[in-house]
Structures are given as structure tokens and as C-alpha cells.
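Here is a short set of exercises to work through with the model open beside you. Try each task on your own before reading the solution.

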Amino acid sequence: MTDESIAQLKDMGFDEEVARQALVMTNNDVTGALSYLFGDGIPKQQQGENEDTQHPGEKPNQRSDKENDQELEIESDHVQNTDIKLAGSSSSSLSPPPLPSREIHLDEEIRTKIAAYGSLRSDEPGVIEEDSDIEDDDDMSSIDSSDDYTVYDDPSATQRNSYIPPILVPINYEYFESYLAPLIITLHEIPSFRNLIFKLESFNDYGYEKNWWKDKDIKIAGSVGNRFVMELQRVVAFLDNAPSKRFFASIHNLVQHLSKDLLAGLNDMEGVEDFFPAFFKSLSGAATGVDNEKLQRFFQSEIIEIYNGEEREKQVVECFTIEPDVLKCNIYQTFHKLLWENDFERLGMIHINRLSEVMVIPILGNLNESVYGSFSVSEIFYPQIYLKENERLMRSKIELRQELINQRLSNSKKIMDISSYQGKRVNDFLSTTVEYLQNKTEDEGIRKTLQNINQIKDNIIKEKLSITDQQNAIVEKLNSNMDLFNIPGIVKEEKLDWEPYFLTSIVLDTSNIYYFTKNFESKETDYCWYQIRYFHREHSKRVSNFNIRKIMDFSEIQNTIHEFTRSGISNTMTLTYVKRSAFFDEDPLDVLPSNLIKFFNRDNEQLAEDLRENSDEESEVIDLTRDSESYEEFDSSAESNGESARRI
């Protein structure tokens, strides 16, 4: 609390200790303190702010399940908290969004990942689960090592079907691969990105290894140019509806052939918040000219700091990292705090100058920090509010809101003036006087005085009711179109034509991801959410099992994240938002390189052979090398003429 707030209440006749206690109860809100002192209780908004306030060393407030359930009913983008502070920032340095130094749980194996991958066994067993009815337990990512079944020895488990999308699987569930796999799945869904990847470089030979989809290196004779681009093309093509007939594949070969600069920098990386920018820069480094500019448009945002009206510093960022003490209840509260600090004091001093089409947001984990009542994830995001050209809009909203707050404070003072004198209630004093004078009504002068006092009481009541109505109207405005965190509401009210960003993937932790993709059970072009759970055997970080299921309602994901974050976040949670026009681009997909189609045709033949060898246990063997309804068979004559096979 501030001395100024205490002084305001003392000027109204309240004792200093009483004023101090009221301000503590209402989180230093003078208007709320007045309501509290007048016996109206703590206003709902101040209650929420008071509950959210924590002091160093205190444990997070524990909420009941009922309170959390009620909170879920509130729109995630409609929050009243204005506690916005950029951790570790100052007016003289460009802070957000940082790529901070921090300790994260990454074993030494990530520092020496090449050696670690070389030591992995290709015959380690694994299981693929297609049944969604898996019971949750304390460690869903761990399974009983006594199960001898291995998915790699069961060709039928690897067959792709028509109702579940293909997926990429990390080798080790705990490392950055668990974040890279869903990112590649998301990027594959962007038609312009997918097409661009195949324009970066062409290859005469993609090689072959029958166990490439496990963890075996694909050997290629001679020089192949940028092997990183080749492997990226391979996994992106694998995720297409055709030509591959496999259900899943590891990203082993992609990880093995990440760029040299990226691999060399692994020792200096402290977490995925460092890996993502390095990956994007590595990808941009593989492109030149127009292609490089396109890739930068996908991944690079630009932040500018203004000092004394002049541009002071410019920072290019590939992801927006959220430190634990910056995380708030939802995406807008969090970004407001990241960029503008408390009470928007840095508004106009720092803004986003250019927005990327893909926004990756790593939310760093720290069990010592608690989200204010858990995190409510939004499926749609309008980051345009942080652009320079929209500063005036936000400032006008802040000024209008402050006018309403000042008017509410003025009305509270009016109520104080007619309700209290020197800390005593006027109405109680007048009632006592009336009660005393009623016994002396035989005197004409006293009767008139009594009438005047009753009239004063009535006037006070009427005036209080009138002011109370004004207060209610002000509060309604503050809670509706003046909510500075309800950006979708502002977009609607101002009829802005901002293009929304859609949430496309959530890495809840290294073994639990959600991603938004085409609905494989629908013949129409619609989209839905899927969840993947990776499993590993006890005392091993190697992925040996996974489960995939369709999510029918996004509210299920919201509820899961609400529960997941209510006690703090132990690992990094990553959100990926993609601009609508990029994700739902209706431009046709370019044809795949004919030599890459040849690779998958050969792999389909290998899968068919594996199925035939396993036919004693199978009642039906499907010919995976011919499926004219989904993809034309590779035409060798087209290859000889330098043409690519046609995509259906």
C-alpha cells in the first residue's frame, strides 16, 4: 500500500490503522477500501486481486475444485487483473522477449546427443496403443518393462489407416525431439511452408534403409548437398496423405543431420527456448534470396524499443519465451506483462514491429512459481494489439478506463461526504437524534426540527441510491468493453479486421502433445484436435509406446491445461499459433519430387513384404504398392523425362 492511499482515507476521517487494514483487505484499492469500511464488503474484483497477491516465500493459494470449476466458466480472454510487470526489465534496456539463462532439466546426454544416438539399440521393444481408453496414473509416460511386445517387430502395427493421421515420433521422449516432432507436424499443415521446403534443394537420390522409420541411418553414396534439407523433405512428405503407407516414423535421421552450426551450439543451449531459434536460423540458412525472405516471414518477429521518441534498439526473435514469473492467467495477461509491465507503463516504449506467421511460445517450467489460478489457453489469439499502429487504440482504452475509475472514486467520495463525518456514520447519528427528539414532540420547534432531520435522512438515502446506480453503471462498463485484457471483445467492438492466429499445437510436456490437423474421419476438408501420449520403459528415456486419440471438444484441452497448471509447471509447455491465412491456405500443394516418391514406393514394397512374411498371423494382406484412389504409382518414364509424378 502507499502513503498516498492511507492519506486519502485519513482525510475522509478514518483512523490510520483502520485505513491501513482496509487497504490490505482490498489490495490497495481506495474505492474498494471505502466499500469495505461502509460495510458493503470487498468488491468482487478486489477479492480476486487480493487472492492473487503473493509475497516472496509464501505458498500459492489453494483453491477448491468448486472455485476452479467456476473460473472455467469465465471466458479465458475476459480477465480483470492489471498487475503487469516485466521481470528483470528497466527503462534503459530492451528486455522482452528474452532468451534467458536458466537451469532446465536436460541431462548431459543432450550435450552429447550424437554419441547417445549412436548407442541406441534398434531391437529395443515398443508398443503402439490405438485404444484411447488408457487409464491415467501418476506416470503415464512409464510402462512395465516386462512386456516383451515390440511394435518394430509387428509390421501390421505400422500400417497407415484412413481415419488416424500419420505422426512423427521422437527417439528420446525427454529431449528437444519431443518439441521438434509436433512443430514439424504443425509446419507440414501450412501449405506454403510445405511447398517451400521442396524448393530449397533437389536431390537425385534419397537413399534407402528398410528400417529408416525406426532409428537406422539412411546411407547415401557420394555428396548429397544439404542433408538437413533432404531429411526435412523426407519427414514432411511422410506426413502427406500419400505416398507413404506407414502410420508413424521416428525423426531419427532428421535429428542426426541437423545443421552443423545447430549441433555445435547444443552445449550452450539450456532448453527448448534456445533450440527453437537455432532450428529456425538453421532452416533459413539453407535458403537464399526470395526463399530466405519467405522463411523469415514464417518465423521471425521484430521487437523495437523507443526511447525519447526515437528507435533505440531492434531485436529479431524466433520465439516468445515466457519466464515463470511473467506467466499470468491467459495469453493476453501474459503478453501484456511481458511487453508493457505494471499499469502499461512501458506502452509506447516497446512494441512489436513485425509479426511472424508462426508464433512459438515456450512457457518455462518452475514448480516454485505458481500460475494465478492456473492458465486458461485460448484457441484464437490477436497479437496485432502489440503492433505500433495499434498503440493509440490501446492508449485510448486505458485513458477512458482511467476516467471511469476516477469517476467511480469521485462518487465514492461523495458517498463518504454524505455518509460519514470524522469516521462516524451520519445516518446512525441522525437516527439517534430522531429517536431522542420523538419524546419531545409537544414543542412545535422540535417537531419542525424532527421533520427536517427525517427529510435530510430521506435525501441522503435518495442521493446514495442515485450514486450507487451510477457506480453500478461504471462497473458494468469496466467489466465489459473496458476490460483491457479482453482483446477479442475490443476487436469485435471496434469492428477491426485483424486476422486471427489459431492455436495449432500444444506440447504439454515431453510425453503429452496436442495438435490441430485435418480430420481424417471426414470426407470434407475440416480440422480437429488429436492427442499423442508417448510412453517409455522404466529406467529409460527411449520412447517405446504411444497412444493417439481424437479430441471431440477443445474445452477438454482447456480443462486439462487448467488442471495441469494449477499447481505450477514442472517442464516447459509450448504453444504454437499460426496466422489463419497461412494455416488455411487453399493453394494447391506442389507435387513431390519424383525421386522422393521413388523412395516411398520402395518402402511400401518393403512394408508389403514384411506383411507377407507375417501373413501366418494375418487374415488379410493389403497390397500397399498400388492405391490409385490416393496416389498414382510412380512412373519411371516421367522420371526419365525429368518430370515429377502427378499428385492426385
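The exercises below go from the whole chain to helix packing, aromatic rings and two single residues.

**Exercise 1. Get an overview.**
How many helices and strands does the protein have, and what percentage of its residues count as buried?

*Solution.* Keep in mind that this is a predicted model. Start with the secondary structure, which comes to 22 helices and 16 strands. Next, take burial: 53% of the 648 residues count as buried. Finally, look at contacts with a separation of 6 or more: 75% of these are between residues 24 or more positions apart.

**Exercise 2. Classify the packing of α7 on α12.**
Find the angle and distance between the axes of these two helices, then decide whether α7 is parallel, antiparallel, perpendicular or oblique to α12.

*Solution.* Locate helix α7 at residues 177–188 and helix α12 at residues 272–285. The axes of α7 and α12 cross at roughly 45 degrees and come within 11 Å. That angle makes α7 oblique to α12. The crossing of α7 past α12 is right-handed. For the side chains, look at Y179, L180, L183 and I184 of α7, which meet V272, F275, F276, F279 and F280 of α12. Sorted by class, the contact of α7 with α12 has nine nonpolar residues, no polar ones and no charged ones.

**Exercise 3. Do the same for α12 and α13.**
Work out how α12 and α13 are oriented to each other, and which residues make their contact.

*Solution.* Helix α13 covers residues 289–299. The α12 and α13 axes are 9 Å apart, at an angle of about 160 degrees. Angles over 145 degrees count as roughly antiparallel, and α12 and α13 are therefore roughly antiparallel to each other. Here too the crossing is right-handed, with α12 passing α13. On the α12 side, the contact is made by F280, L283 and S284; on the α13 side, by N292, L295, Q296 and F299. The classes of this contact of α12 with α13 are four nonpolar, three polar and no charged residues.

**Exercise 4. Now α9 and α21.**
Describe how α9 packs on α21 and sort the contact residues by class.

*Solution.* Select residues 227–238 for α9 and residues 594–613 for α21. Their axes lie 11 Å apart and make an angle of about 60 degrees. That makes α9 oblique to α21. The crossing of α9 past α21 is right-handed. From α9, the contact uses Q233, R234, A237 and F238, and from α21 it uses L596, F599 and F600. The contact of α9 with α21 divides into five nonpolar residues, one polar and one charged.

**Exercise 5. Compare two aromatic pairs.**
Decide which geometry F193 and F299 show, and which geometry Y515 and Y530 show.

*Solution.* The model has 38 aromatic pairs when ring centres within 6.5 Å count as paired. In the pair of F193 and F299, the centres are 6.0 Å apart and the planes are at 75 degrees, an edge-to-face arrangement. F193 lies in helix α8 (residues 191–197) and F299 in α13, so this pair ties together parts 106 residues apart in sequence. Both F193 and F299 are buried. The ring centres of Y515 and Y530 are 6.0 Å apart and the planes are at 25 degrees, so that pair is stacked. Y515 is in strand β13 (residues 512–518) and Y530 in strand β14 (residues 527–537), 15 residues apart. Y515 is buried at 1% relative accessible area, and Y530 is buried at 2%.

As a last step, highlight the aromatic cluster formed by F176, F193, F228, F275, F276, F279, F280, F298 and F299.

**Exercise 6. Two loop residues.**
Is S374 buried or exposed, and is K495 buried or exposed?

*Solution.* S374 sits in the loop between β8 and β9 and is buried, with a relative accessible area of 1%. Leaving out residues up to four places away in sequence, S374 touches C329, H562, T565 and R566. The C-alpha atoms of S374 and H562 are 5.5 Å apart, although 188 residues separate these two along the chain.

K495 belongs to the loop between α18 and β12. With a relative accessible area of 76%, K495 is exposed. Check its backbone as well: phi of K495 is near 55 degrees, a positive value in a residue other than glycine.

Note on methods:
Residues are numbered from 1 along each chain as its sequence is written. This is a predicted model: local features need pLDDT of at least 70, side-chain atom pairs count only at pLDDT 80 or more; totals for chains, interfaces and linings use all residues. Side-chain values use heavy atoms; hydrogens and water are left out. Axes are lines fitted to C-alpha atoms, for helices over the stretch in contact, and angles run from 0 to 180 degrees between N-to-C directions. Helices (H or I, at least four residues) and strands (E, at least two) are DSSP runs, numbered from the N terminus. Angles under 35 degrees count as roughly parallel, over 145 as roughly antiparallel, 65 to 115 as roughly perpendicular and the rest as oblique. A crossing is left-handed if the near helix is turned anticlockwise from the far one by less than a right angle, and right-handed if clockwise. Contact means heavy atoms within 4.5 Å. Ala, Val, Leu, Ile, Met, Phe, Trp, Tyr, Cys and Pro count as nonpolar, Asp, Glu, Lys and Arg as charged, and the others, Gly among them, as polar. Rings of Phe, Tyr and Trp (its six-membered ring) pair if their centres lie within 6.5 Å; planes under 30 degrees apart count as stacked, over 60 as edge-to-face and the rest as tilted. Buried means under 20% relative accessible area, exposed over 50%, partly exposed in between (1.4 Å probe, protein chains only).
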